[in-house]
Amino acid sequence: MRVSNEYAPEHLIVNLDLARYELTSSSLMALVENAGSVFVGPFTPESCGDYASGTNHTLPTNGYARQYSGVNTQSFQKHITSQEITPEGLRKLGPVVVTLADCEGLDAHGNAVRIRLGALAPA
């Protein structure tokens with residue numbers, strides 16, 4: 001599996017007697033770090049995944065499975081991240097953010113933190 005994870009294949013076909021290796025489909029999948037799509041067992045040919053079994057044929061090639069997944073329904077869903085920093089968190093994180101903003105020449109980003117740090121009561 002180490003070689004496969006380094007290679008990051010578009011299609012990984014695992015046709016093993018899982019019981020012989022004391023594996024289940026789930027425990028096998030836990031070992032897979034990089035693959036576009038995995039086909040497990042003797043009755044799971046790649047062609048079924050390409051055409052009919054619910055996956056698709058829009059998969060990362062040339063080792064890009066190390067960074068990307070195949071196109072799936074989640075590719076078309078919106079994900080919103082959020083953050084909430086406490087006053088103590090800003091006291092700890094703020095100076096680092098100011099330094100990074102200053103290094104990048106992003107004055108407004110640095111000032112947004114400086115103003116908030118200045119408004120905090122001393123700890």
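Colleague: Why are Glu-6 and Arg-2 said to be separated by about one helical turn?

Modeller: In this predicted model, the two residues are four apart in helix H1 (residues 2-7), so about one helical turn separates Glu-6 from Arg-2.

Colleague: And what makes Glu-6 and Arg-2 a salt bridge?

Modeller: Their closest N and O atoms are 3.2 Å apart. The cut-off is 4 Å between a side-chain nitrogen of Lys or Arg and a carboxyl oxygen of Asp or Glu, so the pair qualifies. In general, side chains of opposite charge can pair when their charged atoms come close.

Colleague: Why is Arg-2 called exposed?

Modeller: Arg-2 has a relative accessible area of 59%. Exposed means over 50%, so the label fits Arg-2.

Colleague: Happy with that. How many salt bridges are there by this rule?

Modeller: The count comes to three. One of the others joins the side chains of Arg-91 and Glu-88, at 3.7 Å from N to O. That value is within the 4 Å limit, so this pair counts too.

Colleague: Why are Arg-91 and Glu-88 also described as about one helical turn apart?

Modeller: Because they sit three residues apart in helix H4. Arg-91 has 28% relative accessibility and Glu-88 has 38%. Partly exposed covers the range between 20% and 50%, so both residues get that label.

Colleague: What makes Asp-102 and Arg-114 a salt bridge?

Modeller: Their side chains meet at 2.6 Å, N to O, which is within 4 Å. This pair links distant parts of the chain, with Asp-102 in helix H4 and Arg-114 in helix H5 (residues 107-119), twelve residues apart. Asp-102 is partly exposed because its relative accessible area is 39%, and Arg-114 is partly exposed at 34%.

Colleague: Let's turn to Asn-34. How do you know whether Asn-34 is buried or exposed?

Modeller: Its relative accessibility is 13%. Buried means under 20%, so Asn-34 counts as buried. Asn-34 lies in the loop between helix H2 (25-31) and strand E2 (37-40).

Colleague: Which residues does Asn-34 touch, not counting those up to four places away in sequence?

Modeller: Asn-34 touches Ser-4, Asn-5, Ala-8, Pro-9, Ala-65 and Arg-66. With Asn-5 there is a polar detail as well: the backbone oxygen of Asn-5 lies 2.8 Å from a polar atom of the Asn-34 side chain. The limit for a polar contact is 3.5 Å, so that distance falls within the limit.

Colleague: Now the nonpolar side of things. Which residues make up the largest nonpolar core?

Modeller: That core has seven residues: Leu-12, Val-14, Leu-18, Leu-28, Val-32, Ala-35 and Val-40. They are called a core because they are buried nonpolar residues joined through side-chain atoms within 4.5 Å. Leaving out residues up to four places away in sequence, Val-32 touches Met-1, Asn-5, Leu-12 and Val-38. As a general point, nonpolar side chains in soluble globular proteins tend to be buried together.

Colleague: Then which residues make the nonpolar surface patch?

Modeller: Ile-85, Leu-93, Val-96, Val-97 and Leu-100 make a patch of about 420 Å².

Colleague: Why does Val-97 count as partly exposed?

Modeller: Val-97, found in helix H4 (residues 87-104), has 31% relative accessibility. That lies between 20% and 50%, so Val-97 is partly exposed. Patch residues need over 30%, so Val-97 meets that cut-off too.

Methods. Residues numbered from 1 in each chain as written. Predicted model: local features only at pLDDT ≥ 70, side-chain atom pairs only at ≥ 80, totals over all residues. Heavy atoms only, no water. Buried < 20%, exposed > 50% of the residue type's maximum accessible area, 1.4 Å probe, protein only. Contact = heavy atoms within 4.5 Å. Patch = residues over 30% accessible without salt bridge, like charges linked within 9 Å, V, L, I, M, F, W, Y side chains within 5 Å. Areas by Shrake-Rupley, 256 points an atom, 1.4 Å probe, with all protein chains shown as cover. Polar contact = N/O pair within 3.5 Å; in protein donor to acceptor, adjacent residues only side chain to side chain.
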